Amino acid sequence: SGEELGRVEAMLGTESEGIFHGIAVTPYGDGTTRVVPADAVSSLTSSKVQIAWTAEQLAAAAPYEPME
């Protein structure tokens, strides 16, 4: 719907193999970074990412746990 849902915290993938797995997003007003898989990312530019999810779907997504 064009609603701004949050901030991208990380791009998820394997740089050496050129594989894009998705993005880590922190929804506004939540603070818990969530994983959005690549198949839910509908558009990606250097300044904007669009996903095919609602705010509710993003809030219900799995938490992002960065690898150490």
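## Overall dimensions

The protein chain has a radius of gyration of 12 Å, which agrees with the value near 11 Å for a compact globule of 68 residues. This radius is taken over C-alpha atoms, and the globule rule is 2.2 Å times the number of residues to the power 0.38. Along the principal axes, the C-alpha atoms fill a box of roughly 35 × 25 × 20 Å.

The model is predicted: local features need pLDDT of at least 70, side-chain atom pairs count only at pLDDT 80 or more, and totals for chains, interfaces and linings use all residues. Numbering starts from 1 along each chain as its sequence is written, and side-chain values use heavy atoms, with hydrogens and water left out.

## Fold elements

The protein chain holds five strands and one helix. Their order from the N terminus is β-β-β-β-β-α. These are DSSP runs (helices: H or I, at least four residues; strands: E, at least two).

## Surface and burial

About 4900 Å² of the protein chain is exposed, 49% of it supplied by carbon and sulfur atoms. Areas come from the Shrake-Rupley method with a 1.4 Å probe. Buried residues (under 20% relative accessible area; exposed is over 50%, partly exposed in between) make up 24% of the 68.

## Salt bridges

There are two salt bridges (a side-chain nitrogen of Lys or Arg within 4 Å of a carboxyl oxygen of Asp or Glu). Arg-7 pairs with Glu-9 at 3.6 Å, N to O. Arg-7 is exposed at 54%; Glu-9 is partly exposed at 42%.

Arg-34 bridges to Asp-30, with the closest N and O atoms 3.7 Å apart. Arg-34 is buried at 13%, whereas Asp-30 is partly exposed at 33%.

Methods. Buried < 20%, exposed > 50% of the residue type's maximum accessible area, 1.4 Å probe, protein only.
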